[in-house]
Amino acid sequence: MYLENINGPQDLKDFTAEQRKVLAGEMREAMLRRASVHGGHFGPDFGIVEAVIALHTVFDSPKDKFVFDISHQAYPHKMLTGRKDAYLYEEHYNDVSGYTNPEESEHDMFNVGHTSTSISLATGLAKARDLKGDKENIIAIIGDGSMSGGEALEGLDTAGEMDTNLIIIFNDNDMSIAEVHGGMYKGFRELRETKGKSERNLFKAMGLDYRFLADGNDAEAVIAALQEVKDIDHPVVLHIVTQKGKGYKPAEENKEDWHWHVPFEVETGESKVDFTDPYAEQTARTFQRMAEEDEKFIVLSAATPASMGLNRERREKLGRHYLDVGIAEEQAVAMASGLARNGAHPVFGDFSSFFQRTYDQLAQDLCVNNNAATFLVFWASMYGMNDVTHLGFYDIPMMSNIPNLVYLAPTSPEEYQAMLDWAVPQEKYPVAIRVPHAMVGSSSRPVRKSYDELNKYDVVQSGSHVALIGLGGFYNLAEAAAEKLKEQGIDATLINPLFITGQDKELLESLKENHELVVTLEDGVLDGGFGEKIARFYGGDKMKVLNFGLPKKFYDRYDYEALARENHLTAEQVAEDVMKVLG
C-alpha cells in the first residue's frame, strides 16, 4: 500500500505512472470508507484525485502555494500532506476539518469554506511574493460552479493585468452543487466541445493565457500540462475537464445528491441516517402551492436548492416559477429587489452562513429601496453547521440592524407557515424569516395570520417578577426554563417576540409594573443581537436584564451540547441564573 507510507509531497516525487495510478485508487478507497462512516463532501474530492497527485508531483508545496476554492476539493490534498491517517483509520477521522486549515498544516494557506475566493486570495499571495522578491509558484484551484461567483470574476479581472507568475487551475466537471447555471457555462461547454479552441473564451477576454486539457483524470497528462506552466512569468489558466464523483458509481450517476453525503452503506449507497429537514420539506410544498395560486410568484436559488427542499423533480415542476442564478448570492438578492420593484413576488432561500455574502445588496439594493422581497434564512442556529467557515449564528447582528428589513423568528412549523403565507404576497416590506432548526417541533399555540403590526410581541403566559423572552428556536428553551422556575415558586411571564428587528416598547414598558428581571434567550451571538435591543430599552431604568446567547468568537467543530452548557443555554442553568439574580 502506497498511501500509508506518504508523509508529505516529497514521498511522491519518484513515483512511476503505474504507482500513481494505484495511489489514486487507494485514495478513493480511503475516502469512500471514511465518508461511509463520517460523511462529508464526496463528489468534488473524488473527481480531483489525479489532478492533486499531479500538483504535488510537479510543484514543491509549501514553498509553492496552493489555494483551494471552498476547500470542497481538498481531501486528496490533505492525504498527501501528512494527514493520511485521518482518512485511513476510523479513530482519526475527526482529526481534520472538512476544509483547508493552516492550523493543521503548513501546506494549507487559508481556512476557507465559502466559494469563489481562491483567485482573489492567490492574487494577494502573488503580489506579496513579488514585493519580497521571491520566486515561488502561486496556484489557485477553482471548480464546482465557483466561477459564477462575483469574487471569482473580480479575481480574474485583477489577474489579467498582473505581469507575474499566477497559475489558475479551472477544474471543470460541468457541475455546481446541482447543475450549473449562467451564460458563462455555455461558453465553458463550447470550450470543452472544441478542445479549448472556441472563440467564446472568458479567460482570454480577461487578458489571461489559456491552456486546455480534455482529461483531467489522467494524472500523466495533468503532470505534463503542469510542467509546461511551472515557473511561468505571466498569469495562465489551465482548464481541465474532470468527472465529479469518479470511481463510485452512485456518485457518478447522481452527482447532485453526492456532492456532500451523510454516512452510507458502501455496497448500495443507501444512507445510514435520515437527513431530511422538515422545514425544507414544508418550504418546498408551500412553494408548489404558491406557484399554482400566484402567477407572479418566483423562487430564486444560488446553487443551493436543497436548502429549500427543491430536488430536481420539484424544480422542474415549478417551471418558470424557479430560477437558479448559480453561486452568486449577491445577484440573487439584487435580482429579488428588481423582481419586487416590477411587481413580482420573489423568494430567495439560502443557508445562514451564505447570507453573510449579501450584506451590501440587502442594505443598498433592497432595503434603501424598500422593495418587498422575501428571504428565508436556513440553518441559522448553533445547532446547524459547526465548521468555522459555515457558522450560521451571525445573521441576527447582520440582518436585524438593516433599516426597513422586517426579520421574523418563528417558533414552530405552524408559525413559520403563517409567516411565509403572509410575507410572500405582501408588497409593503422587505422580509426575512429565520427558519427554525430541524429540532424545533410543532405547537398548538395560536398563530397570527398577519404581521403588518410591526414589532408587536405575543405574551403567551402572564406572570410576575421575571419575564422570559424566547426568540425563535429558543422559545422552547424559555418555555422549559419557565417550568423550572415554577418549581421554585416563580410564575414567569413568557413572551414570543416574533420580530427580531424591533422593540415592542409598549409591552416592555408595561413589564416595569410587576417585574424586576427581563431575560432574553437567542440562538446566536449576543454582541449586536436581539437581547441587546431589550437591554438598551431598560438602560436608564432599575429593571435588570439577563441576555443568554453565545459570545462573539469563531467556533470550530464544537460539540453542540457542550457549547450549550458552557454558555448556560439549558433550562436548568437559565433558571439557576435567574434565581441568583432574584436573590
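Let's start at Val-325, which touches Ser-301, Ala-302, Gln-331, Ala-332 and Met-335, leaving out residues up to four places away in sequence. Keep in mind as you look around that this is a predicted model. Val-325 belongs to the loop between β9 (322-324) and α14 (329-341). One of its contacts deserves a second look: Ala-302 is 23 residues away along the chain, yet the C-alpha atoms of Val-325 and Ala-302 are separated by 5.3 Å. Is Val-325 buried or exposed? Its relative accessible area is 14%, and the cut-off for buried is under 20%, so Val-325 counts as buried.

Now move to another loop residue, Thr-115, which you'll find between α5 (85-88) and α6 (118-132). With 7% relative accessibility, Thr-115 is also under the 20% cut-off and therefore buried. Its side chain makes a polar contact of 3.2 Å with the side chain of Ser-116. What else does Thr-115 contact, once its neighbours within four places in sequence are set aside? The list is Asp-69, Ile-70, Ser-146, Ile-327 and Arg-357.

Asn-173 gives you a third loop to look at, this one between β4 (166-172) and α8 (183-193). Asn-173 counts as buried because its relative accessibility is 7%. Follow its side chain and you come to Asp-144, where a polar contact of 3.1 Å joins the two side chains. A polar atom of the Asn-173 side chain also lies 3.0 Å from the backbone nitrogen of Met-175. Not counting residues up to four places away in sequence, Asn-173 touches Asp-144, Thr-242 and Lys-244. Asp-144 therefore turns up twice for Asn-173, as a residue it touches and as its side-chain polar partner.

From loops, let's go to a strand. β11 covers residues 374-378, and 5 of its 5 residues are buried. Which way do they point? Thr-374, Leu-376 and Phe-378 go one way, while Phe-375 and Val-377 go the other, and all are buried. β11 also has strand partners to look for. Strand β10 (residues 345-351) runs parallel to β11, and 5 bridges join the two. To get your bearings on that pairing, find Phe-348, which stands opposite Phe-375 in β11. Strand β13 (residues 431-434) is parallel to β11 too, with 4 bridges between them. Here the pair to find is Thr-374 and Val-431, with Val-431 in β13 standing opposite Thr-374.

What about empty space? Rolling a probe the size of a water molecule over the atoms shows where some is left. Searching the whole structure turns up 3 cavities of 30 Å³ or more, and the largest cavity has a volume of about 50 Å³. Its lining is made of Ala-380, Ser-381, Ala-409, Arg-434, Val-435, Pro-436, His-437, Gly-472, Gly-473 and Asp-523. Sorted by class, that lining comes to 4 nonpolar, 4 polar and 2 charged residues. Arg-434 links this part of the tour to the previous one, as it lines the largest cavity and falls within β13 (residues 431-434).

Finish at the second largest pocket, which holds about 230 Å³ of space. Its lining has 13 residues, and those nearest its centre are His-114, Gln-356, Val-388, Thr-389 and Phe-554. By class, the lining of this pocket has 5 nonpolar, 6 polar and 2 charged residues.

Terms used:
Residues are numbered from 1 along each chain as its sequence is written. This is a predicted model: local features need pLDDT of at least 70, side-chain atom pairs count only at pLDDT 80 or more; totals for chains, interfaces and linings use all residues. Side-chain values use heavy atoms; hydrogens and water are left out. On a 1 Å grid over the protein atoms alone, a cavity is a set of points where a 1.4 Å probe fits but cannot get out, and a pocket is an open set with protein on both sides within 12 Å along at least five of seven lines; lining residues have an atom within 4 Å of a point. Grid points are joined across faces, edges and corners, and a volume is the space filled by probe spheres set on the points. Ala, Val, Leu, Ile, Met, Phe, Trp, Tyr, Cys and Pro count as nonpolar, Asp, Glu, Lys and Arg as charged, and the others, Gly among them, as polar. Buried means under 20% relative accessible area, exposed over 50%, partly exposed in between (1.4 Å probe, protein chains only). Two strands pair if DSSP finds at least two bridges between them. A polar contact is a pair of N or O atoms within 3.5 Å; within protein, one must be able to donate a hydrogen and the other to accept it, and residues adjacent in sequence count only if both atoms are side-chain atoms. Contact means heavy atoms within 4.5 Å.
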